[in-house]
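Student: I've got a structure to look through with you. Can we take it one question at a time?

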Amino acid sequence: MQITVIGCGYVGLVTATCFAEMGNRVSCVDTSTQRINALQRGEAPIFEPGIEALITTNLRAGRLAFSTDTAGACSRAEVIFIAVGTPSAADGSADISQIVAVASELGRTLDQPAIVVCKSTAPVGTACRVQSVLDHQCQRRQVAWQHRVVSNPEFLKEGAAIDDFMRPDRVVLGTDDADAERVMRALYEPFVRNHDRILCMSRRAAEMTKYAANTFLATRISFINEIASLCEQLGVDVEEVRKGIGSDQRIGHHFIYAGCGYGGSCFPKDIRAMLQMAAQYDMPMPILHSVEARNQQQKTWPLRMLKRELGNLHGRTLAIWGLAFKPGTDDIRDAPSLVLLDALLAGGSSVQAFDPAASDNIAQRYPEAVKEGQLKLLQDPYAALNNADALVLLTEWKQFRQPDFHLVAQRLRTPLVIDGRNQYDPQTMASLGLRHVGVGRQV
Ligand code: UGA
């Protein structure tokens, strides 16, 4: 199939490369010339394991092309994916102006009917809005055909996006047009072969499904974090409780890991957008308000523990392992590390941090602290520990799972480990003379 993907960001690139890998011919467009030039050389502007290999292979095979010319790239496309950004507006709602601008351009320039797919996460009603923008342009140009708009939200996790795309739990298609449904089913069939995993529904339901999925996952995390806080007070180990409830099939083991809060570009933004959608109908959503509030509070957990254990942090040196909002990415948007760094740097502590991928992004965010040496971003996790008063683990990169604890104990000035992702066994740590503080765990 001939496909065009508009937007070479995270969602667009993964979508484009995976469709190309399945044998489709995919054109990818973006307004940034710099980004397109890099992509043409096979360089990915995002950090995602495996993406560069997919880009290179498919570029070489002639199935993938990158350009800045939207009209040219769409001229022969049967299916056009809109995968542009929907950032939070000042009031928390999702700003869909980039989607509307693309729809308008497509309406003005397309010389054949196409299936236009809304891939970006956008509020309920966006696909209908795109349809009216396209219809309006078709009427103005007095063309005889109509474009068909489908909502097809993505469920990709950063760091595992290619695998999620290649082996989806489900594919959600929002359309009431039988022909568009047939084409979209054919496009996704290779990814869900032998499994009935394509769910067809209304466009509005597809849009709502995306928000409901993300906000539900965020709710699970805030729920377990709240239980963890009570466990801390009651002398209960939340890890035992997690296993105890997760083995109930109705609950399951996913997304009930207590930690120092969720971050990233999706959960916080989608909760804000959902609350904004509800506000338009004067509908209170107290559960979601609490999910967000609890998460804000949870992100202060590492700082609270440091203060509890060390008292005044002014003049102290703290080591941090992990700055990205989760492993497998360099993304620091809404990461718990930012809350801790803001407080430590403002409070006069020195920080020695290590992250396998996110250090450059952190350096860009705290240029002054880096320049003055208050924030040191190191290449070696153990170098970060030298003379530090505590080690704080914020992101559970695999390489932190089984560190050399003897070296950890040797290098730290105070043998204190604040384990914000419950990676370590308190007993093992105690046997090595390390004081371990986990989330909802017993010291
Ligand atoms: C999330 C969803 O999981 C994807 O399905 C969705 O497509 C994506 O948003 C999106 O809308 O684009 P992502 O933000 O990449 O994916 O990351 P997750 O793996 O979901 O993790 C989110 C945060 O929750 C991380 O900070 C992680 O550390 C935290 N988390 C996750 C916990 O604190 N506890 C858990 O049990 C699970």
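Student: Let's start with K210: which helix is its place in?
Tutor: Keep in mind that this is a predicted model. UniProt, in an unreviewed entry, lists K210 under "binding site". Apart from residues up to four places away in sequence, K210 touches T121 and P153. As for its place, that is in helix α9.

Student: Does K210 count as buried or exposed?
Tutor: Count the C-beta atoms around it: a residue with 20 or more others within 10 Å is buried. K210 has 23 C-beta neighbours inside 10 Å, so it counts as buried.

Student: Which helix gives the most to the shell around the ligand?
Tutor: The shell takes in 20 residues, and E158, Y257, Y262, G264 and C266 come nearest to the ligand. By class, there are eleven nonpolar, five polar and four charged residues in that shell. The top contributor among helices gives three residues, and it is α9 (residues 203–234).

Student: Which domains does the ligand lie between?
Tutor: The chain is divided into three domains: 2–201, 211–296 and 300–438. Two of these give residues to the shell around the ligand, so the ligand lies between them: domain 1 (2–201) and domain 2 (211–296).

Student: Which residue does the UniProt annotation "active site" cover?
Tutor: The place to look is the loop between α10 (238–246) and α11 (267–280). The residue there is buried, with 22 other C-beta atoms within 10 Å. The annotation comes from an unreviewed entry, and the residue covered is C266.

Student: How far are the UniProt "binding site" residues spread in space?
Tutor: The unreviewed entry's list includes F155, E158, Y257, G263 and K326. In sequence, the listed residues spread over 172 residues. In space, they are spread up to 23.8 Å between C-alpha atoms.

Student: G259 is on that list too, so which residues does G259 touch?
Tutor: G259 is found in the loop between α10 and α11. With 26 C-beta neighbours inside 10 Å, it counts as buried. Leaving aside residues up to four places away in sequence, G259 touches G420, R421, N422 and V439.

Student: How far apart in space are C260 and A206?
Tutor: C260 is found in the loop between α10 and α11, and it counts as buried because it has 30 C-beta neighbours inside 10 Å. Its contacts, not counting residues up to four places away in sequence, include W301, P336, L394 and V439. A206 is 54 residues away from C260 in sequence, and in space the C-alpha to C-alpha separation is 31 Å.

Student: How many residues of domain 3 are in contact with domain 2?
Tutor: Taken over C-alpha atoms, the centres of the two domains are 24 Å apart. Domain 2 puts ten residues into the contact. By class, that side of domain 2 has four nonpolar, five polar and one charged residues. On the domain 3 side, the number is 13.

Student: Now for α3: within what arc do its buried residues fall?
Tutor: The helix covers residues 51–60, and L54, I55 and N58 are buried. Seen down the axis, those buried residues line one face of the helix, because they fall within an arc of 100°.

Student: What do the buried residues of α3 pack against?
Tutor: After α3 comes G62, with a positive phi near 75°. The packing partners of the buried residues are three helices and a strand: α1 (10–21), α2 (33–40), α7 (161–166) and β3 (64–67).

Methods: Residues numbered from 1 in each chain as written. Predicted model: local features only at pLDDT ≥ 70, side-chain atom pairs only at ≥ 80, totals over all residues. Near = placed C-beta within 6 Å. Helix = DSSP H or I, 4+ residues; strand = E, 2+ residues; numbered from the N terminus. Nonpolar A, V, L, I, M, F, W, Y, C, P; charged D, E, K, R; others polar. Domains from an automatic or database assignment. UniProt positions renumbered as here; feature names shortened; annotations may be inferred. Buried ≥ 20, exposed ≤ 12 C-beta atoms within 10 Å, placed from the backbone. Contact = placed C-beta atoms within 7 Å. Arc of directions from axis to C-beta.
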